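Biologist: Could you walk me through this one while I have it open on my screen?

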Amino acid sequence: VSRRGDLVVIDAGTGIRNLGASLRAAKSAPAPRISVLLTHFHLDHIGGLPFFGPLYSPETRFTFYAAHDPAETRKRLNRLMGRPYFPLGLEETPAIKAFRKIGLNGVRIGGLRVSACPVRHPQGAVAFRIAEGRSSFVYATDSEPDGPGAIDPRLVKFAAGADALVYDTMFTPEEYASGKRGWGHGTWVDAVRTATAAGVGTLWFTHFNPDHSDRDLALMERKARKAFPDASCAYEGLRLRF
């Protein structure tokens, strides 16, 4: 949320349902304008959209941003909610909806400057950079460097000087080396290398392996902090203020 109250949502996984409930509980809900930035269209990043409460309010105006042409984004989201998989199609929901393409040149959403950068992931994905004034935040989930020990120079340039970087840490280095190359995910070592090269302020790990326990994540965090002290695991309900 910007200082002006612009609400930007990145992806639409299952957690978006709780966001909808929070907006409904707030006195100002439902938010009249919601911008949704879609990194890509794999199910874990869009599967919560049909259950997002504001989608069913005629007072809400949505703008969906993706790296694809607007017609293609609309088509893909309509397929998600199409019959027989969901009783109501996206076009049948009462909210007003618009679709826009976003790239490196970015767009302005209220008081925010938002741009996108391609990252390595099967079927493609993008990272987002959101800036307001001198503050900036980079979200690079589902991102894999070009092999062990490498970093993505395009992402490093894109994230340069950001206050915070959120980065994919799906695998441990050992898991990645055991046959996970090409799966489109990174490790905490990749995250640390990228954050260091980009000179970001803080580093947050995300997109965890569901087979990893809280103890596993805590160990990963401790190891990472030896090289990058301001590294932490993101968690549900985390609030970052810039």
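Modeller: Gladly, and please keep in mind that this is a predicted model. I would start at Phe-205, which, leaving aside residues up to four places away in sequence, touches Tyr-167, Thr-169, Trp-188, Ala-191, Met-220, Glu-221, Ala-224, Ala-231, Ser-232, Cys-233 and Ala-234.

Biologist: And which nonpolar core has Phe-205 among the residues with the most contacts inside it?

Modeller: That is the largest nonpolar core, which has 28 residues, and Leu-165, Val-200 and Leu-203 are listed together with Phe-205 as those with the most contacts inside it. Helix α6, residues 188-198, contributes the largest share of this core, namely six residues. There is also a second, separate core of 23 residues, with Ala-12, Ile-46, Leu-77 and Leu-90 among its members.

Biologist: Back to α6, then: is it mostly covered or mostly open?

Modeller: Mostly covered, since eight of the eleven residues of α6 are buried, and these are Trp-188, Val-189, Asp-190, Ala-191, Val-192, Thr-194, Ala-195 and Ala-198.

Biologist: What covers those buried residues of α6?

Modeller: The cover includes the helices α4 (153-159), α5 and α7, along with the strands β9 (164-168) and β10 (202-206).

Biologist: How about the ends of α6, what caps the N-terminal one?

Modeller: Thr-187 does, with a side-chain oxygen that lies 3.2 Å from the backbone nitrogen of Val-189. After the helix comes Gly-199, whose phi is positive, near 65 degrees.

Biologist: Switching to pockets, what lines the second largest one?

Modeller: Its lining is made of Thr-172, Pro-173, Glu-174, Trp-188, His-212, Asp-216, Leu-219, Met-220 and Lys-223, and the volume of this pocket is about 150 Å³. By class, that lining has four nonpolar, two polar and three charged residues.

Biologist: Which helix gives the most to that lining?

Modeller: It is α7, with four residues, although α5 (173-180) and α7 (214-225) each supply at least two.

Biologist: One more: where does Thr-39 lie, and is it buried or exposed?

Modeller: Thr-39 lies in the loop between β2 (33-37) and α2 (43-46), and it counts as buried because its relative accessibility is 4%, with under 20% being the cut-off for that label.

Biologist: What does the side chain of Thr-39 make polar contacts with?

Modeller: The side chain of Thr-39 makes a polar contact with that of Asp-11, at 2.8 Å, and another with the side chain of His-40, also at 2.8 Å. Beyond residues up to four places away in sequence, Thr-39 touches Ile-10, Asp-11, His-45, Ala-125, Val-126, Phe-128, Tyr-139 and Thr-141.

Notes:
Residues numbered from 1 in each chain as written. Predicted model: local features only at pLDDT ≥ 70, side-chain atom pairs only at ≥ 80, totals over all residues. Heavy atoms only, no water. 1 Å grid on protein atoms, 1.4 Å probe; cavity = no way out; pocket = protein on both sides within 12 Å on 5 of 7 lines; lining within 4 Å. Points joined across faces, edges and corners; volume = space filled by probe spheres on them. Nonpolar A, V, L, I, M, F, W, Y, C, P; charged D, E, K, R; others polar. Core = buried A, V, L, I, M, F, W, Y, C linked by side-chain atoms within 4.5 Å. Buried < 20%, exposed > 50% of the residue type's maximum accessible area, 1.4 Å probe, protein only. Contact = heavy atoms within 4.5 Å. Polar contact = N/O pair within 3.5 Å; in protein donor to acceptor, adjacent residues only side chain to side chain.
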